[in-house]
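Hi everyone, thanks for coming. Let me put the sequence and the model up on the screen, and then I'll walk you through the fold and its empty spaces.

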Amino acid sequence: MSLGAAASFSPLGVLLAHAATPPPVYHLPFPGNVVWGVIQGINSGRSHVGRAAFAWDFRMPTGSPIVASRAGTVWMIRQDNTQNCRDLSCPQWNNYIVVDHGDGSSAAYLHGPKDGARVRIGQHVEQGQFLGMSDNTGQSGGPHLHFQVQYNDPAQYLSQSFLIGFQEV
């Protein structure tokens, strides 16, 4: 066996192979022909801490299109709420779409309107595919999209987020 082949089976070889794997590419979660401002970024405000520390809030009018940031399978949907609150007391009112990327991560898209999802659980979506629309439901002080990429947790629609970059930025 060659030295290179032996190294590929060692822990160091596995670590090097993992380090050489390019990170997944994420795109902004709205169509490329529009620009929306960030109203709350990572590790900021009262709500982007803990498991939502690496979330982004994009200001956008009610009814603005939301698209898949990365390909995957629609894993969770809730779209039965019309209420909202301006504080941290009503996360149970959040409407959301969660897309599983198949690698232990998922993207969560929050605050859509009642019956606003345009995808179904189990549906495969491509990057850039229309998922639904923005609104102001749940824990929200105004129309926007709360977006975060997170480690999958089957018990929760929001779990520990992690830092990503967007190809367009």
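Of the 169 residues in this chain, 42% count as buried, where buried means under 20% relative accessible area, exposed means over 50%, and partly exposed is in between, with a 1.4 Å probe and protein chains only. Please keep in mind that this is a predicted model: local features need pLDDT of at least 70, side-chain atom pairs count only at pLDDT 80 or more, and totals for chains, interfaces and linings use all residues. Residues are numbered from 1 along each chain as its sequence is written, and side-chain values use heavy atoms, with hydrogens and water left out.

The chain exposes about 8800 Å², and carbon and sulfur atoms supply 59% of that area, by the Shrake-Rupley method with a 1.4 Å probe, where for residues only the protein chains shown count as cover. Taking contacts (heavy atoms within 4.5 Å) between residues at least 6 apart in sequence, 66% join residues at least 24 apart.

Now the fold. There are two helices and 11 strands, and the two helices come before the strands when you read from the N terminus. These are DSSP runs, numbered from the N terminus, with at least four residues for a helix (H or I) and at least two for a strand (E).

Seven strands make an open sheet in the order E1-E2-E11-E7-E6-E4-E8, with antiparallel pairing; two strands pair if DSSP finds at least two bridges between them. At the edges sit E1 (38-40) and E8 (124-125), each pairing on one side only.

Let's zoom in on E7. Is this strand mostly covered or mostly open? Mostly covered: six of its six residues are buried. In a regular strand, side chains alternate between the two faces of the sheet. Here one side carries Ser-105, Ala-107 and Tyr-109, the other Ser-106, Ala-108 and Leu-110, and all are buried.

E7 has E6 as an antiparallel partner over five bridges, and Ile-97 has Tyr-109 as its bridge partner there. The two strands form a hairpin with four residues between them, and Gly-102 in the turn has a positive phi of about 85°. E7 also pairs with E11, antiparallel over six bridges, with Ala-108 opposite Gln-148. E11 in turn pairs with E2 (residues 56-59) over four antiparallel bridges, one of them placing Trp-56 against Phe-147.

On to the empty space. How many cavities of 30 Å³ or more does a search of the whole structure find? One, and about 130 Å³ of space lies in it. Of its 18 lining residues, the closest to the centre are Ile-97, Tyr-109, Gly-112, Pro-113 and Met-133. Strands E6, E7, E9 and E11 each give two or more residues to that lining.

The largest pocket has a volume of about 640 Å³. Its lining has 28 residues, with Ser-47, Asp-57, Leu-88, His-111 and Gln-139 closest to the centre, and E1, E2 and E11 each supply at least two.

For the method: on a 1 Å grid over the protein atoms alone, a cavity is a set of points where a 1.4 Å probe fits but cannot get out, a pocket is an open set with protein on both sides within 12 Å along at least five of seven lines, and lining residues have an atom within 4 Å of a point. Points are joined across faces, edges and corners, and a volume is the space filled by probe spheres set on them.

One last residue: Gly-50, in the loop between E1 and E2, counts as partly exposed because its relative accessibility is 48%. Gly-50 lies 109 residues from Ser-159 in sequence, yet their C-alpha atoms are 9.4 Å apart.
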